[in-house]
Amino acid sequence: MTGKLYGVGVGPGDPELITLKALRLTKEADILAFPGENPKESVAYRIMRGAYPEIDSKQMISLPMPMIKDREELKRVHDEGAKIIAEWLEKGKNVVFLTLGDPTVYSTYIYVHKRVEQLGYATEIVSGITSFCAVSARFNEGLVEKSQQLHVIPASYQIEEALKLPGTKVLMKTGKKMQEVKAQIKASGNKAEMIENCGMPDEKIYRSVEEIPDDAGYYSLIIVKEK
């Protein structure tokens, strides 16, 4: 009998926001998989270790997932990741791939998930608390109310038109374009708040676009609301 692949979200950063199901599956897993070169350098590993210190007793594998946009190279990387996981599944081992936030929202995991599924193996996605819900809660504010719309936008791409959408805008993955993103928000006339590394020991909170630094890190999320 072949094994099963689980894509498990560990939430945004606070170990106390890990779901009971994510913790149970991690404890029961034959193999734990993480994106990157070294499992113990993974953010998902550090989050889960905060809730489950015994994680170091588990067998762990790493799947290189570089932050690139080259389609051919990405395809090769994702194919290779799926192949590595399939080899363990073929041995009857259950693999739990731990990923930051929720596996269904801009997650590297989903590319491997689809490939493993196409190979004929059993798969399951286990939801985690999304970063934008955690950020809104950290601000002690609602995200949307009544008939307001919610738009989740990858800010590393062109966002000028997206900022014209009604309702609340969530800007994820700002990357190296923070200066440009800030300029676009100011031009839109909207108000913005940002948290960097939400729920992690080095969390930083910025309550206006003017406070947001140009060199904010990768795990920065901006919530934009109409004034």
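**View 1. Packing of helix α3 against helix α4 in the predicted model**. Helix α3 covers residues 71–90 and helix α4 covers residues 109–118; the two pack at an angle of about 55°, and their axes are 9 Å apart. The pair α3 and α4 is therefore described as oblique. The crossing in which α3 passes α4 is right-handed.

**View 2. Residues at the contact of α3 with α4**. On the α3 side, the residues that meet α4 are Lys75, His78, Asp79, Gly81, Ala82, Ile85 and Leu89. Their counterparts in α4 are Tyr111, Val112, Arg115 and Val116. Sorted by class, this contact of α3 with α4 holds 6 nonpolar, 2 polar and 3 charged residues.

**View 3. The largest nonpolar core**. This core has 22 residues, and those that touch the most other members are Val8, Phe34, Met48, Ile55, Val96 and Leu98. At least two residues of the core come from each of β1 (4–9), α1 (20–28), β2 (31–35), α2 (43–51) and β4 (95–99). The most is given by α2, with 5 residues.

**View 4. Surroundings of Val96, and a separate core**. With its neighbours within four places in sequence left aside, Val96 is in contact with Tyr6, Val8, Leu25, Ala29, Ile31, Leu32 and Ala33. Apart from the largest nonpolar core lies another core, of 18 residues. Leu5, Trp88, Val116 and Tyr121 are among the residues of this other core. Val116 also appears in View 2, as one of the α4 residues that meet α3.

Note on methods
Residues are numbered from 1 along each chain as its sequence is written. This is a predicted model: local features need pLDDT of at least 70, side-chain atom pairs count only at pLDDT 80 or more; totals for chains, interfaces and linings use all residues. Side-chain values use heavy atoms; hydrogens and water are left out. Axes are lines fitted to C-alpha atoms, for helices over the stretch in contact, and angles run from 0 to 180 degrees between N-to-C directions. Helices (H or I, at least four residues) and strands (E, at least two) are DSSP runs, numbered from the N terminus. Angles under 35 degrees count as roughly parallel, over 145 as roughly antiparallel, 65 to 115 as roughly perpendicular and the rest as oblique. A crossing is left-handed if the near helix is turned anticlockwise from the far one by less than a right angle, and right-handed if clockwise. Contact means heavy atoms within 4.5 Å. Ala, Val, Leu, Ile, Met, Phe, Trp, Tyr, Cys and Pro count as nonpolar, Asp, Glu, Lys and Arg as charged, and the others, Gly among them, as polar. A nonpolar core is a set of buried Ala, Val, Leu, Ile, Met, Phe, Trp, Tyr and Cys residues joined through side-chain atoms within 4.5 Å. Buried means under 20% relative accessible area, exposed over 50%, partly exposed in between (1.4 Å probe, protein chains only).
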